[in-house]
Amino acid sequence: MLLTADIGNTNIKFGVFNGRELIHTLTINCNKAKTADEYGLEIYSLIRVMGIHRDDFTGCIISSVVPIVTTCIDTAVRNILGIEPIILGPGVKTGLNIRIDDPSTLGADLVAACVAANSTAKAPAIVISMGTATVWCVIDKDGNMIGCSIAPGIAVSLEALTKNTALLQSVAYKAPDSVIGKNSDKSIRAGSVWGTVCMIDGMIDKIEEELGAECSIVATGGLADTIIRYCSHDIRIENDLILVGLRMIYEKNI
């Protein structure tokens, strides 16, 4: 079995593959203060809950945007599973042609997402990652990753709004019926949810205009299910896109 781990700024998502089949996923909080031993105990507890013995694992691959946690998870996997993880980064074969100024600066999670999208979506394509940041990755008609746009995620924007205003409080990520709010709750939800929806749709329009072609669109990330349903474009949600991409990359490196 293969253990995949996507370490983000907010959460760490684990996936367990039996061959090419994703049989389990689990998400825990990403905490920079935790030690490798603490993460090791969590990983061991998680696989025990899934009914999997640690000796069943033959490999592990990790994508991360939090270096300090990468080190902890790497050490934890070595100690608990007795295997050496592949850390997605420069030198790891991905099969993705990255045509940006410095390919090494592209987040490992985005690399994995684009690799998976290239296998399932017709190019040109837009891969939208919705987490701490909202990112639009663009794949051209030849399957090359040619760049991306990055904006603050809805959670970050809403936190900044409520943290810096005395009379506004946090709200649920549910779009109200009208974009014209009649009270504070509906007004904030109208601005944050419908504003994010309009931004996503608007960015897709601008990207397609710049490419001169209609794109296949795939979305992933913790907030995709919440927001994408309100968008006007045909967007396919693939919650495990990054984990699938990690599995594909692992297969290229063994």
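Q: Let's start with one residue. Is Asp-185 buried or exposed, or something in between?
A: This is a predicted model, so keep that in mind throughout. Buried means under 20% relative accessible area, and exposed means over 50%. Asp-185 has a relative accessible area of 34%, so Asp-185 counts as partly exposed.

Q: And where does Asp-185 sit in the chain?
A: Look in helix H5, which covers residues 184-211. To get a feel for distances, find Gly-91 too: the C-alpha atoms of Asp-185 and Gly-91 are separated by 49 Å. Along the chain, those two residues are 94 residues apart.

Q: Which class does Asp-102 fall into?
A: With 36% relative accessibility, Asp-102 is partly exposed. You'll find Asp-102 in the loop between strand E5 (86-87) and helix H3. Its C-alpha atom is 37 Å from that of Leu-41, a residue 61 places away along the chain.

Q: What about Ile-249, buried or exposed?
A: Ile-249 is buried, because its relative accessibility is 0%. This residue belongs to helix H7. Leaving out residues up to four places away in sequence, Ile-249 touches Ile-61, Leu-88, Val-92, Lys-93, Thr-94, Val-111, Ala-112 and Val-115. Now try Ser-232, which is 17 residues from Ile-249 along the chain: their C-alpha atoms are separated by 32 Å.

Q: How do I describe two helices that pack together, and at what angle do H3 and H7 cross?
A: Two packed helices are described by the angle between their axes and the distance between the axes. Here the axes of H3 and H7 come within 7 Å, and they cross at roughly 85°. Angles of 65 to 115 degrees count as roughly perpendicular, so H3 is roughly perpendicular to H7.

Q: Which residues make the contact between them?
A: On the H3 side, pick out Asp-109, Val-111, Ala-112, Ala-113, Val-115, Ala-116, Ala-117 and Ser-119. H7 brings Leu-241, Ile-242, Val-244, Gly-245, Leu-246, Met-248 and Ile-249. Sorted by class, the contact of H3 with H7 has 12 nonpolar residues, two polar and one charged.

Q: Now the empty spaces. How much space lies in the largest pocket?
A: Rolling a probe the size of a water molecule over the atoms shows where empty space is left. In this model, the largest pocket holds about 870 Å³ of space. Its lining has 36 residues, and nearest its centre are Asp-109, Ser-129, Met-130, Gly-131 and Thr-132.

Q: Which helices and strands supply at least two residues of that pocket's lining?
A: Among the strands, they are E2 (11-18), E6 (125-130), E7 (133-139) and E8 (145-152). The helices are H3 (108-120), H4 (154-163) and H7 (241-252). As for chemistry, the lining of this largest pocket divides into 15 nonpolar, 15 polar and six charged residues.

Q: A cavity is closed off, right? How many cavities of 30 Å³ or more are there?
A: Yes, a cavity is where the probe fits but cannot get out. The count here is one cavity of 30 Å³ or more. The largest cavity has a volume of about 50 Å³. Its lining is made of Leu-3, Phe-14, Gly-15, Val-16, His-24, Thr-25, Leu-26, Ile-43, Leu-46, Ile-47 and Met-50. Strand E2, strand E3 (21-29) and helix H1 (36-49) each give at least two residues to this lining. By class, that makes eight nonpolar, three polar and no charged residues.

Q: Last one: which residues does a cis peptide bond join?
A: Look at Ala-123 and Pro-124, where omega is about 0°. Pro-124 is in the loop between H3 and E6.

Terms used. Residues are numbered from 1 along each chain as its sequence is written. This is a predicted model: local features need pLDDT of at least 70, side-chain atom pairs count only at pLDDT 80 or more; totals for chains, interfaces and linings use all residues. Side-chain values use heavy atoms; hydrogens and water are left out. On a 1 Å grid over the protein atoms alone, a cavity is a set of points where a 1.4 Å probe fits but cannot get out, and a pocket is an open set with protein on both sides within 12 Å along at least five of seven lines; lining residues have an atom within 4 Å of a point. Grid points are joined across faces, edges and corners, and a volume is the space filled by probe spheres set on the points. Helices (H or I, at least four residues) and strands (E, at least two) are DSSP runs, numbered from the N terminus. Ala, Val, Leu, Ile, Met, Phe, Trp, Tyr, Cys and Pro count as nonpolar, Asp, Glu, Lys and Arg as charged, and the others, Gly among them, as polar. Axes are lines fitted to C-alpha atoms, for helices over the stretch in contact, and angles run from 0 to 180 degrees between N-to-C directions. Angles under 35 degrees count as roughly parallel, over 145 as roughly antiparallel, 65 to 115 as roughly perpendicular and the rest as oblique. Contact means heavy atoms within 4.5 Å. Buried means under 20% relative accessible area, exposed over 50%, partly exposed in between (1.4 Å probe, protein chains only).
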